[in-house]
Amino acid sequence: MDHFAALRALRAIVEAGSFSAAAERQGTTHSSMSRQLRQLEEHLQVRLLDRTTRRLSLTEAGRDYYRDAVALLERLELADDRARAVQAAPSGRVRISVPQVVASQELPHWLPGFLARYPQVSLDLCADDQLVDVVGGGFDMALRIAATLPDSQLVARELACCPRILVAAPAYLARHGLPRQVADLQAHTLLAFQPGGASTAWHLHGPRAAHTSVEVGQRLRVDATPALYAAVQAGMGISLFTALTVQDDLRAGRLIRVLPGWHGGERRYFALYPHARSLAPKVRALVDYLAAHYAGLVSAAA
């Protein structure tokens, strides 16, 4: 007996409601479906279906076995799909939503490599700091940076975790001096990222579990991270960015970290997408590529 074939026959018979309808769906014969069910029952030494001339019904034992058999077949089919996806050449258009800071600062680090590796994939990219409706908006996936995510029916794959750090341009620090302790921040221009309704206070964490709140944005508040980044680069003040966003600037000396012992809490990078059962190879390729990219950045920064 082919055990999986027998399980598929059982599922088809129950779903179709008759041997003839199940045989038609499976592209086989009534006698073949009947034989597979009989062999399965003989193997189990239990009756799974009660048969009359008018209807079929699962026995009590059959109901439990059918439920477990369907779950097993679904897991097998998912494994088959994943294996095929590895071999299938990803192709087609992927619609993706990303935060503005990713579009403006991080995109050059991963987009060219991804498109070079997968020449048959193209991207429609929407840069927006607002949470989008992934399914309703027609997106295949969204990349988000957040401390936590609201509950949803989407799969959330964590790509990286890093602190938000204080940075300023050398020109600003040359004019105003380098803060030596967190209290010194009160004498500096602190630039605030303030999307609609967000707080204008930084909640900073320091050595030995120290923490404090600092009011920010007295001179400048912006609701777009590229504008905030440009203001910091122009030497207008101190602000907070995720360490991954500014690590190239720190290495090149374009920005300097302020108060290295303090940070503004951790932020996580997430790839959000509909259930993995229906994930297309083109989307899986992008998610896996981003996971490898950000894992490499975290390792390099460690």
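This passage describes the pockets and the nonpolar cores of a predicted model. Residues are numbered from 1 along each chain as its sequence is written, and side-chain values use heavy atoms, with hydrogens and water left out. Because the model is predicted, local features need pLDDT of at least 70 and side-chain atom pairs count only at pLDDT 80 or more, whereas totals for chains, interfaces and linings use all residues.

The largest pocket (an open set of points on a 1 Å grid over the protein atoms alone, where a 1.4 Å probe fits, with protein on both sides within 12 Å along at least five of seven lines) has a volume of about 850 Å³, a volume being the space filled by probe spheres set on the points, which are joined across faces, edges and corners. Its lining, made up of residues with an atom within 4 Å of a point, comprises 32 residues, and Ile 145, Arg 164, Phe 193, Pro 195 and Arg 267 lie nearest the centre. Strand 11 (strands being DSSP runs of E, at least two residues, numbered from the N terminus) gives the most to this lining, with four residues.

The second largest pocket holds about 240 Å³ of space, and among the 14 residues that line this pocket, Val 132, Val 134, Ser 152, Leu 154 and Leu 272 are the closest to its centre.

The largest nonpolar core (buried Ala, Val, Leu, Ile, Met, Phe, Trp, Tyr and Cys residues joined through side-chain atoms within 4.5 Å, where buried means under 20% relative accessible area with a 1.4 Å probe, protein chains only) has 44 residues, with Trp 110 and Phe 114 among those with the most contacts inside it. A second, separate core of 18 residues includes Leu 49 and Tyr 66.

How values were computed:
Buried < 20%, exposed > 50% of the residue type's maximum accessible area, 1.4 Å probe, protein only.
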